[in-house]
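I sat down with this one to see what I could read off the coordinates. My notes follow the order in which I looked things up.

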Amino acid sequence: MLELSRIREQKQDIIERMKVRNFDAETHLNNVIKLDEERRNTQTSLDNDLAEANQIAKSVGQLFQEGKQEEASAIKAKASSLKISSQELKRKLIELQDAVRNELYLIPNVPNAIVPSGNSDEDNEIILEEGAIPTLADNAIPHWELAKTYKLIDFELGVKITGAGFPVYTGKGARLQRALINFFIDEAVEAGFDEVIPPLLVNQASAYGTGQLPDKEGQMYHCEVDDLYLIPTAEVPITNIFRDLIINASDLPLKKAGYTPCFRREAGSYGSDVRGLNRLHQFDKVEIVQVAHPEKSYLMLNEMVEHVKNLLRKLELPFRVAKLCGGDLGFTAALTFDLEVYSAAQQKWLEVSSISNFESFQANRLKLRFREGNEKPQLAHTLNGSALALPRIVAALLENNQTPEGIVIPEALRKYTGFDIIN
RNA sequence: GGAUAGUUGGCAGAGUGGUCGAAUGCGGUAGUCUUGAAAACUACUGUACCGCAAGGUACCGGGGGUUCGAAUCCCUCACUGUCCGCCA
């Protein structure tokens with residue numbers, strides 16, 4: 001959610017930059033500004049009425065104490081009429097506040113100045129490509145077949161127990177999951193992130209806090225009886241740790257990392273893209289989250305990208321880094337880097353991490369602020385990134401490392417798996 | 001699921017109709033004293049909105065009501081604690 005003050009002060013600039021997203025901001029901004037003006041006028045009138053009413057109430061009390069019953073009764077009438085008009089104003093004020101907020105909910109974050117314009121992932125800017133793309137034998141097969149051959153993942157069993165998109169990991173496949181989770185967590189802790197294990201279900205306030213509601217209502221599993229949502233990413237519970245806080249500037253940045261399963265309904269996804277591990281309803285991910293000083297947040301963003309690049313290097317996977325174009329940028333992000341690994345058997349790049357700076361967009365909803373000395377609190381910046389999402393990493397590991405002898409486990413992972421090869 | 005007690009400022013905790021944005025203690029900030037520190041003492045110490053400012057308004061879990069006036073009375077919802085039951 002953008003700050004009203006910023007909308008008022010930088011309207012033209014925002015409109016310009018939103019064009020990168022193909023978002024016509026002008027109507028929305030004008031609307032918000034108009035509604036807010038009305039809101040302020042209404043509040044001023046209301047405040048004046050209430051001030052007068054308070055004044056009268058005080059005098060009535062005083063008159064009663066002095067025993068001047070009649071005088072008191074006389075001005076009571078005035079207070080009563082004031083009450084009626086102020087109730088009217090209060091109703092109107094609440095209405096306008098809601099209207100302003102609902103309008104603000106429709107406006108996405110302002111892209112950073114370096115975000116390229118574009119319509120889809122085709123227009124993303126590849127800023128780095130690293131690692132040799134392996135050439136596989138002619139009989140190389142995709143991961144969903146490898147998973148079957150080596151009994152690593154049972155997709156059919158998952159269908160029986162739950163439904164499509166809920167795989168069962170078995171044997172060395174299960175062990176590999178656990179190894180990757182531990183590896184990612186250890187690396188994050190090494191990089192200065194505090195490990196947390198958050199709840200997997202969140203309440204509405206949290207879902208609003210990070211922007212899943214109202215924007216992505218249908219994407220989350222909802223437990224209606226208790227009105228709780230299954231988390232689509234650890235970003236939600238972890239970032240909400242900081243909701244409604246005022247943090248000392250000297251305590252920034254705050255860095256948290258957590259492993260959780262993630263649950264996504266993925267309504268409307270079909271086709272070859274969703275084959276095997278490519279798109280699941282439940283998957284495992286280690287997420288890193290930061291609360292940063294506005295002046296430092298882009299430094300932190302780079303640091304997080306470096307961290308994930310190192311993970312991929314240690315896993316010996318060829319990868320590339322894409323700067324998302326405006327059209328591909330998420331609703332809440334100001335700047336996002338995607339990291340993709342190359343799947344040799346599918347012959348395509350798979351997105352395994354998305355690292356974003358939300359600037360104050362989330363913080364505004366979260367009421368997450370920091371204070372410098374005795375100054376007024378101001379909004380902090382929030383960032384997060386996957387470090388890393390498991391399924392596509394597993395897909396790439398299986399496919400890229402397949403040999404006639406079996407699937408070779410990268411050196412860095414062996415102390416976690418306890419085996420060097422899957423055969 | 002049943003019973004019961006709660007929800008007040010960063011924390012603890014008073015306050016049962018007007019002078020209460022709210023005692024007191026702790027914590028925090030600044031100062032005095034000290035070579036320095038500690039202790040002691042003194043002052044300050046919530047957030048948001050409106051306003052150039054002076055100032056005003058709102059907030060004592062959420063919403064609604066009674067009243068000239070509500071932290072305080074009434075209704076309602078949510079949450080938390082404790083005990084019992086069930087259970088990893």
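These entries go from the overall picture to single residues.

**Overall**

I noted at the start that this is a predicted model. I then counted secondary structure in chain A and got 13 helices and 19 strands. Along the principal axes, the C-alpha atoms of chain A fill a box of roughly 100 × 45 × 45 Å. I checked burial next: of the 423 residues in chain A, 38% are buried. For contacts in chain A with a separation of 6 or more, I found that 74% are between residues 24 or more positions apart.

**The RNA side**

Which residues are closest to RNA strand B? I get A51, A57, V60, G61 and A79, out of 18 residues that surround the strand. Two helices, α3 (25-65) and α4 (69-105), each supply at least two residues of the surface near RNA strand B. The largest share of that surface comes from α3, with 12 residues. Sorted by class, the surface near the strand has 8 nonpolar, 5 polar and 5 charged residues.

**α2 against α3**

I stayed with α3 and looked at how helix α2 (residues 11-18) packs on it: the angle is about 150° and the axes are 9 Å apart. Angles over 145 degrees count as roughly antiparallel, so that is what I call α2 relative to α3. The crossing of the two helices is right-handed. On the α2 side the contact is made by K11, I14, I15 and M18, and on the α3 side by A25, E26 and L29. By class I have 5 nonpolar, no polar and 2 charged residues in the contact of α2 with α3.

**I33**

I picked I33 next, which sits in helix α3. Is I33 buried, exposed or partly exposed? I count 16 other C-beta atoms within 10 Å, so I33 is partly exposed. Setting aside neighbours within four places in sequence, I see I33 in contact with I7 and R8. I also checked I33 against L136, 103 residues further along or back in the chain: their C-alpha atoms are separated by 59 Å.

**Helix α12**

I then went through helix α12 (residues 390-400) for burial. There 11 of the 11 residues are buried, so α12 is largely enclosed by the rest of the structure. The buried residues of α12 include R392, E399 and N400, along with I393, V394, L397 and L398.

**Cis peptides**

I looked through the omega angles too. L252 and P253 are joined by a cis peptide bond, with omega about -5°. P253 lies in the loop between β8 (246-248) and β9 (254-263). Another cis peptide bond joins A387 and L388, with omega about 15°. I place L388 in strand β16 (residues 381-389).

**Positive phi**

Last, I noted D227, a residue other than glycine with a positive phi, near 55°. D227 is in the loop between β6 (222-223) and β7 (228-230). It has 9 C-beta neighbours inside 10 Å, so I put D227 down as exposed.

E359 also has a positive phi without being glycine, near 50°. I find E359 in the loop between β13 (348-357) and α11 (361-366). Is E359 buried or exposed? With 25 other C-beta atoms within 10 Å, E359 is buried; the cut-off for that is 20 or more.

How values were computed
Residues numbered from 1 in each chain as written. Chains lettered and ligands numbered in written order. Predicted model: local features only at pLDDT ≥ 70, side-chain atom pairs only at ≥ 80, totals over all residues. Near = placed C-beta within 6 Å. Helix = DSSP H or I, 4+ residues; strand = E, 2+ residues; numbered from the N terminus. Nonpolar A, V, L, I, M, F, W, Y, C, P; charged D, E, K, R; others polar. Axes fitted to C-alpha atoms, helices over the stretch in contact; angles between N-to-C directions. Parallel < 35°, antiparallel > 145°, perpendicular 65-115°, else oblique. Left-handed = near helix turned anticlockwise from the far one by under 90°. Contact = placed C-beta atoms within 7 Å. Buried ≥ 20, exposed ≤ 12 C-beta atoms within 10 Å, placed from the backbone.
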